[in-house]
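Biologist: I am new to this structure and would like to learn how to read it. Please show me the model, then take me through it feature by feature.

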Amino acid sequence: MLGTLYTDTITLSDGVVIHKQSIGVGSGIDADGILGLGPVALTAETLVDEPNTLIPTVIDNLLEQGVIDQHIISYFFLPFEEGEINYGAITFGGIDPDYHTGSEITYK
């Protein structure tokens with residue numbers, strides 16, 4: 001896909017601001033935007049003129065800028081039944097204990 005790479009300041013919520021975040025805008029795409037939360041390796045070969053350049057992701061920039069302490073994103077999603085409200089949360093930099101019960105989480 002071809003497009004344009006921009007850099008901007010992103011505000012996710014009070015106190016969660018990412019400075020100098022790269023944002024890729026694809027040509028011919030009619031969308032509000034996509035927030036890339038995957039590993040930085042997925043950005044390899046995405047710049048035509050600089051195929052070996054990796055583009056720091058949202059989580060990489062949050063960690064580097066000291067907004068979060070850990071390179072972790074956790075997701076909580078509560079499936080809904082007909083008539084109920086969709087409910088979920090993304091936590092940057094750790095795990096929100098309000099959304100996790102059970103055994104301790106370990107990482108490999």
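Modeller: What follows goes from the overall layout to the core, two single residues and a surface patch. This is a predicted model, in which local features need pLDDT of at least 70, side-chain atom pairs count only at pLDDT 80 or more, and totals for chains, interfaces and linings use all residues. Residues are numbered from 1 along each chain as its sequence is written, and side-chain values use heavy atoms, with hydrogens and water left out.

Biologist: How many helices and strands are there in the protein chain?

Modeller: Helices (H or I, at least four residues) and strands (E, at least two) are DSSP runs, numbered from the N terminus. Here the protein chain has one helix and four strands, in the order β-β-α-β-β from the N terminus on.

Biologist: What share of the residues is buried?

Modeller: Buried means under 20% relative accessible area, exposed over 50%, and partly exposed in between, with a 1.4 Å probe and protein chains only. Of the 108 residues in the protein chain, 18% are buried.

Biologist: Which residues form the largest nonpolar core?

Modeller: In soluble globular proteins, nonpolar side chains tend to be buried together. A nonpolar core is a set of buried Ala, Val, Leu, Ile, Met, Phe, Trp, Tyr and Cys residues joined through side-chain atoms within 4.5 Å. The largest one here has six residues: Ile18, Val58, Ile59, Leu62, Ile68 and Ile73. Helix α1 (residues 58-64) gives the most to this core, namely three residues.

Biologist: What does Leu62 touch?

Modeller: Contact means heavy atoms within 4.5 Å. Not counting residues up to four places away in sequence, Leu62 touches Val16, Val17, Ile18, Val67, Ile68 and Phe92.

Biologist: Is Thr43 buried or exposed?

Modeller: Thr43 counts as buried because its relative accessible area is 14%. This residue lies in the loop between β2 (16-26) and α1. Beyond four places in sequence, Thr43 touches Thr53, Leu54, Ile55 and Thr57.

Biologist: Where is Ser22 found?

Modeller: Ser22 is in strand β2, and is partly exposed because its relative accessibility is 21%. The C-alpha atoms of Ser22 and Pro56 are separated by 7.3 Å, though these residues are 34 residues apart along the chain.

Biologist: Why is Tyr87 classed as partly exposed?

Modeller: Tyr87 is placed in that class because its relative accessible area is 39%. Tyr87 lies in strand β4 (residues 87-92).
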